[in-house]
Amino acid sequence: MSAAIEARELTRRFGAFTAVDSITFEVRAGEVFGFLGANGAGKTTAIRMLIGLLAPTSGAARVAGFDVLTQSEEVRRRIGYMSQRFSLYDDLTVRENVTLYGGIYGLADAEIRERGGTLLEGLGLGHAADDRVAALPLGWKQKLAFSVAMLHQPAVVFLDEPTGGVDPITRRQFWEQIYAAAARGTTAFVTTHYMDEAEYCDRISIMVDGRIAALGAPADLKREFAAPSLEDVFVRLARPAA
Amino acid sequence: MTPPPPPLVVEGLGKTFEGRAALENVSFTVRPAELFGLVGPDGGGKTTLFRILTTLLLPDTGRATVLGLDVVRDLWAIRARVGYMPGRFSLYPDLSVEENLGFFAAVFGTSIGEGYDTIAPIYRQIEPFRTRRAGALSGGMKQKLALCCALVHRPDILLLDEPTTGVDAVSRREFWDLLGGLKASGLPIVVATPYMDEADRCDRIALMQRGRILAIDTPSAIGSRFPHPLVSVRGERRYAMLQALRGREHTASAFPFGDDLHYGDARAGLPVEAVAREIEAWLLAKGFADARVEPISPGVEDTFMALMGGPEAAA
């Protein structure tokens with residue numbers, strides 16, 4: 001299989017403003033890839049293009065082997081997505097959310113029942129299947145949202161600040177879920193503002209003003225910038241004058 | 001002359017929503033010119049506490065005074081003297097930077113000019129964008145504008161509910177530098193954050209979880225409350241080492257911490273140097289040829305995890 005994500009000179013302009021400025025990078029299949037950058041650096045715009053929600057102004061990207069512009073339906077079938085802000089429907093029960101997303105992802109009823117059951121068991125959430133999602137603690141919601149995003153066994157899962165506000169132990173358990181998924185071959189594309197989590201990625205990129213200013217394994221980037229921590233690398237790139 | 005009252009006194013505060021305790025018997029005192037942190041994950045009760053302190057919500061039990069004023073009885077007096085930055089972006093996105101600031105000044109019966117000295121160090125950074133709509137600002141600049149709006153009436157205490165949540169690491173660092181400057185001017189500040197690494201910027205912190213305070217102290221003293229000898233473990237195969245460490249007989253805790261692992265040993269009274277030597281030898285024998293183990297001082301996050309008693313998302 002080729003790269004899980006392949007962006008070539010991917011660009012998006014809004015009027016005179018270039019939000020994403022000709023970024024080129026590859027993410028390997030099964031890799032945990034951290035997509036970092038300051039607020040407003042263009043991360044969200046780039047992700048929206050990669051998941052087929054926004055057309056590039058120029059350049060191209062392939063996700064799971066399909067072109068995000070001309071084959072966006074194929075792309076969507078092969079990706080999972082969760083974010084801190086939007087993940088599950090609070091007013092539906094745990095089981096209803098699983099059924100709803102299973103349907104959206106195009107699974108047959110029998111598959112939804114079988115995979116949904118395995119999912120809830122795996123999370124230890126069987127007892128809460130008929131509870132409204134709103135009643136779950138945040139950490140549970142995020143773990144469930146991740147499992148739901150993985151329900152259709154996507155090739156690539158996009159995780160947009162998945163651990164914001166989550167307690168420190170659950171945050172670490174969430175990363176073990178990511179590792180487990182990567183070990184099964186799913187590529188994880190993660191954004192985070194926790195710099196310790198950037199260390200958990202195989203490779204990271206740091207976006208500055210719409211461009212990828214650095215890309216590499218955390219240890220290599222620290223060496224390259226002679227910086228004691230990734231936060232220092234990040235600060236140096238995002239505020240060169242400081 | 002009697003000394004001025006402490007900026008903030010909280011005694012036995014409790015609040016329950018629909019049978020669920022959002023705050024349980026919370027007590028602490030903020031000292032003059034102190035930068036005091038409320039540190040913990042979502043659902044800890046931080047926002048409920050702020051809403052009581054800003055007189056927006058009545059407590060079920062307990063009492064609190066802000067600048068010596070009672071949060072139930074003296075609400076109008078408190079509102080005039082407190083600078084409050086709510087957790088959600090609370091400015092008018094369709095108004096410009098300058099219009100937002102002017103509005104908040106007017107609400108408090110003052111003007112940007114009168115409050116300028118107080119906000120100047122912060123406002124200067126966003127002044128070049130003063131005609132831009134607030135909704136079009138980047139995350140870091142929004143936070144700076146919201147801070148200016150909370151300061152423009154020259155409050156005597158600042159209450160900030162998660163000002164850095166969702167903000168990138170660089171902007172967070174800059175924001176804390178600004179708070180350091182305000183603190184130096186003598187302003188007491190209470191700030192909530194879910195980021196444990198920000199706790200070190202505070203004079204003292206309260207660790208909060210599920211409506212309770214787990215501990216109150218200086219960040220370094222909180223770290224030293226960690227109940228076990230703690231070592232840092234480094235090596236190439238990090239995840240495999242973590243699994244191996246968890247399987248040991250004497251493991252109290254084993255967690256990833258950025259680029260290393262933290263291992264706490266359950267045996268009481270064992271010198272940390274001895275633990276480090278033993279773990280390194282043990283990992284080498286297990287085939288982790290590049291394992292390096294060193295004693296470390298526990299930090300706020302180590303102690304928080306030890307005190308919280310298991311993940312919130314537990315079966």
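Let me start just after helix 3 of chain B, where we find Gly109(B), a residue whose phi is positive, near 70°. Please keep in mind throughout that what we have in front of us is a predicted model.

Staying with helix 3 of chain B, which covers residues 97-107, I would like to ask which of its residues are buried. They are Val97(B), Asn100(B), Leu101(B), Phe104(B) and Ala105(B). These residues cover an arc of only 130° around the axis, which puts them on the same side of helix 3 of chain B. As for what lies over them, the cover of these buried residues includes helix 4 and helix 5 of chain B.

Those two covering helices also meet each other, and that is my next stop. The axes of helix 4 of chain B, residues 112-126, and helix 5 of chain B, residues 139-151, come within 9 Å and cross at roughly 175°. With that crossing angle, helix 4 of chain B and helix 5 of chain B are therefore roughly antiparallel to each other. On the side of helix 4 of chain B, the contact is made by Gly115(B), Thr118(B), Ile119(B), Ile122(B), Tyr123(B), Gln125(B) and Ile126(B), while helix 5 of chain B brings Met141(B), Lys144(B), Leu145(B), Leu147(B), Cys148(B) and Leu151(B). If we sort the residues of this contact by character, we count 9 nonpolar, 3 polar and 1 charged.

Now let us step back and look at chain B as a whole. It has 10 helices and 14 strands, and its C-alpha trace spans about 70 × 45 × 45 Å along the principal axes. Chain B is made of 315 residues, of which 45% count as buried. When we take the contacts in chain B with a separation of 6 or more, 69% of them are between residues 24 or more positions apart.

From the helices of chain B we can move to its strands. Strand 1 of chain B, residues 8-17, runs antiparallel to strand 2 of chain B, and 7 bridges join the two; as one example, Leu8(B) has Val30(B) in strand 2 as its bridge partner. These strands form a hairpin with 2 residues between them, in which Glu18(B) takes a positive phi near 45°. Strand 1 of chain B is also joined by 5 bridges to strand 4 of chain B, residues 61-66, and this pair is antiparallel too. Here Val10(B) stands opposite Ala64(B) of strand 4.

One residue of strand 2 of chain B, which covers residues 20-30, deserves a moment, and that is Glu24(B). Is Glu24(B) buried or partly exposed? Because a residue needs 20 or more other C-beta atoms within 10 Å to count as buried, and Glu24(B) has 17, it is partly exposed. Its C-alpha atom is separated by 6.5 Å from that of Leu13(B), although the two residues are 11 apart along the chain. Once we leave aside the neighbours within four places in sequence, Glu24(B) is in contact with Gly14(B), Gly211(B) and Arg212(B).

Turning to chain A, we again meet a strand 1, here residues 5-14, which is joined by 5 bridges to strand 4 of chain A, residues 58-63, in an antiparallel arrangement. Within this pair, Arg8(A) has Ala60(A) as its bridge partner. Strand 4 of chain A is in turn joined by 2 bridges to strand 5 of chain A, residues 66-67, again antiparallel, and there Arg62(A) is partnered with Asp67(A). Strand 4 and strand 5 of chain A form a hairpin with 2 residues between them, and Ala64(A) in its turn has a positive phi of about 55°.

Chain A also has a helix pair for us to consider. The axes of helix 5 of chain A, residues 138-149, and helix 6 of chain A, residues 168-183, come within 10 Å and cross at roughly 10°. That angle makes helix 5 of chain A roughly parallel to helix 6 of chain A. Gly139(A), Gln142(A), Lys143(A) and Phe146(A) of helix 5 make the contact with Thr170(A), Phe174(A) and Gln177(A) of helix 6, and these residues divide into 2 nonpolar, 4 polar and 1 charged.

Finally, I come to the place where the two chains touch. Chain A and chain B each give 31 residues to this contact. On the side of chain A, helix 5, helix 6, helix 7 and helix 9 each supply at least two residues, with the largest share, 6 residues, coming from helix 6. The residues on that side divide into 14 nonpolar, 9 polar and 8 charged.

Technical notes: Residues numbered from 1 in each chain as written. Chains lettered and ligands numbered in written order. Predicted model: local features only at pLDDT ≥ 70, side-chain atom pairs only at ≥ 80, totals over all residues. Axes fitted to C-alpha atoms, helices over the stretch in contact; angles between N-to-C directions. Helix = DSSP H or I, 4+ residues; strand = E, 2+ residues; numbered from the N terminus. Parallel < 35°, antiparallel > 145°, perpendicular 65-115°, else oblique. Contact = placed C-beta atoms within 7 Å. Nonpolar A, V, L, I, M, F, W, Y, C, P; charged D, E, K, R; others polar. Buried ≥ 20, exposed ≤ 12 C-beta atoms within 10 Å, placed from the backbone. Arc of directions from axis to C-beta. Pairing = 2+ DSSP bridges.
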